[in-house]
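Biologist: I am new to this structure and would like a close look at a single part, the open sheet and the loops beside its strands. Could you take me through that part with care?

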Amino acid sequence: MQGIITFSIVEENHTGPIGDDWKYWVEAKVYNEGLKGEAIISVPEHTFPADTIQNPPGPLQSIKIPAGDCGKPVKIKILAEATEVDIFKNDVGKKNIDLSLQCPSANDEPLIVEREIQIGVVETPNLSSKTSLFTIKVRFVLNCE
């Protein structure tokens, strides 16, 4: 039996003064005795006022990723990049996170994990020391099929 991870972005928010035009992407690589699969979800540029929590624009994107043999440990390496879009020079921040999970066995309920990825984005040039915190909430549903 093989494990499957359903990967989606369920929420976005940002606090701080550096702008309200944002785009971002999140990459997930799944390991279970070696790389089993990977996926990237990209969210295009959209207007997003500060101090707002919302769903990403458009329909919910979900991607299924192979997770290897059921009942074994699974590692998910997450890389995310948030960009505040400017006329002259975009402001970009990145974040890496590793997540370790135990893949359920065939008769077990799916494992649902939500994780917030907080990315600091600094305005460039950094004359004003303005910084925003962009947060992306991702969901992983791990089950055995």
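Modeller: What follows goes through the sheet and then two loop residues.

This is a predicted model, in which local features need pLDDT of at least 70 and side-chain atom pairs count only at pLDDT 80 or more, while totals for chains, interfaces and linings use all residues. Residues are numbered from 1 along each chain as its sequence is written, and side-chain values use heavy atoms, with hydrogens and water left out.

The open sheet has four strands in the order S3-S2-S6-S7, paired antiparallel; strands here are DSSP runs of E with at least two residues, numbered from the N terminus, and two of them pair if DSSP finds at least two bridges between them. At the edges are S3 and strand S7 (91-102), each of which pairs on one side only. On average, neighbouring strands of this sheet are turned by 10° against each other, direction ignored, with axes being lines fitted to C-alpha atoms and angles running from 0 to 180 degrees between N-to-C directions. Strand S6 (residues 73-84) runs antiparallel to S7 and is joined to S7 by twelve bridges, and Val-74 stands opposite Leu-101 in S7.

Turning to the loops, most residues other than glycine have a negative phi. Glu-33, in the loop between strand S2 (21-31) and strand S3 (35-47), has a positive phi near 55°, and Asp-51, in the loop between S3 and strand S4 (52-54), has a positive phi near 60°. Glu-33 counts as exposed because its relative accessibility is 65%, where exposed means over 50% relative accessible area with a 1.4 Å probe and protein chains only; Asp-51, at 64%, likewise counts as exposed.

Notes:
Buried < 20%, exposed > 50% of the residue type's maximum accessible area, 1.4 Å probe, protein only.
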